[in-house]
Amino acid sequence: MTATKQLTLSLFRHSKGLWNGNRNSIFLTISASNKNWRNFCSNAKQQLKANETSLLEFKGEWSPANREKFIRDMRVMVDFITEDEEAKLLEEIEPYMKRLRYEYDHWDDAIHGFRETERKHWYPHNRQVLERVRATGFQEEIMPYVHILDLAAEGVIKPHIDSTRYCGHTIAGISLLSDSVMRLVYAINKTESGTSEDYRSQPKAILENNYYVDILLPRRSLYIMSNYARYDFTHEILANKESSFMGQPVTKDRRISIICRNEP
């Protein structure tokens, strides 16, 4: 069985209340054929859409109030765009991105193995996708320039907290080309690194005696991070040597994120 199949099975074993006592019989009747597997994955995605907190793996001692607040401020929407919409977004941005080199010495050491740009003008069909992002994740207009971040297969985004000086309380990103795992760690020491003048601060992500969450970001999903999740936690994209979800490895290939923000 492939890692993807194992991960999907693991997701459902850990998703409380999806099928209650019936789920064991469901798993036992899955055929190994590709056709049946595709049908199963389709049903799996429908179930995940109904219970998308299944994509959040909470670790450490969370108080009920903090957990509820985090779920409110960190949402993941599976299959937010279609395969065709993904292809059209890539068709627009790839010609420019391919002319850039991957960088491994970011000015504040927060990202390794990346290339990036911003884009203001989009083809009409892609502008419609961005308007869906705005309507889904924001109560106001988004900043005119949309951030495009291309992370190589071996690239990583290190733990950091974005500054409130340069953008608003909400960030929303579409994941293209690959699944990945985002980790958010409660920032015990967030006042020890960075100032309001910095673009981002980089407090150390301390896991011991702390609470945190690993979040599966499937390809073509949308994540929306705001307020408590955005400013009380560091966030990072895990390197492949650490990348796992519900005990199963998640291999990140090249990943492009299209990121919208609101005004500060």
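**Exercise 1. Decide whether R183 and D214 are buried or exposed in this predicted model, and state what their side chains form together.**

Step 1. Both R183 and D214 are buried, and a residue counts as buried when its relative accessible area is under 20%.

Step 2. The two side chains meet in a salt bridge, with a distance of 2.7 Å from N to O.

Step 3. Since R183 belongs to strand 6 (residues 180-186) while D214 belongs to strand 8, the pair ties together parts that are 31 residues apart in sequence.

Step 4. As a general background to this step, side chains of opposite charge can pair when their charged atoms come close.

**Exercise 2. Describe the salt bridge between R219 and E86, and find the network to which these residues belong.**

Step 1. The closest N and O atoms of R219 and E86 are 2.8 Å apart, and this pair is one of the 14 salt bridges that the structure holds.

Step 2. R219 is located in the loop between strand 8 (212-217) and strand 9 (222-226), whereas E86 is located in helix 5 (residues 83-97), so the salt bridge ties together parts that are 133 residues apart in sequence.

Step 3. The partners can now be examined for exposure: R219 is partly exposed, its relative accessible area being 32%, while E86 is buried, with a relative accessibility of 3%.

Step 4. Through salt bridges that share partners, E83, E86, R219 and R220 are joined into one network.

**Exercise 3. Work out which parts of the chain are tied together by the salt bridge between D150 and R254, and how exposed each partner is.**

Step 1. In this salt bridge, the closest N and O atoms of D150 and R254 are 2.7 Å apart.

Step 2. D150 lies in strand 4 (residues 146-162) and R254 lies in the loop between strand 12 (248-249) and strand 13 (255-261), and therefore the pair connects parts that are 104 residues apart in sequence.

Step 3. D150 has a relative accessible area of 0% and is buried, whereas R254, with a relative accessible area of 21%, is partly exposed.

**Exercise 4. Identify the buried residues of helix 4 and the exposed residues on the face turned away from them.**

Step 1. Within helix 4 (residues 64-73), the residues N66, F70 and D73 are buried.

Step 2. Because N66, F70 and D73 cover an arc of only 70 degrees around the axis, they are placed on the same side of helix 4.

Step 3. On the face of helix 4 that is turned away from this buried side, one finds the exposed residues P64, A65, E68 and R72.

Terms used:
Residues are numbered from 1 along each chain as its sequence is written. This is a predicted model: local features need pLDDT of at least 70, side-chain atom pairs count only at pLDDT 80 or more; totals for chains, interfaces and linings use all residues. Side-chain values use heavy atoms; hydrogens and water are left out. A salt bridge is a side-chain nitrogen of Lys or Arg within 4 Å of a carboxyl oxygen of Asp or Glu. Helices (H or I, at least four residues) and strands (E, at least two) are DSSP runs, numbered from the N terminus. Buried means under 20% relative accessible area, exposed over 50%, partly exposed in between (1.4 Å probe, protein chains only). The arc is that of the directions from the helix axis to the C-beta atoms.
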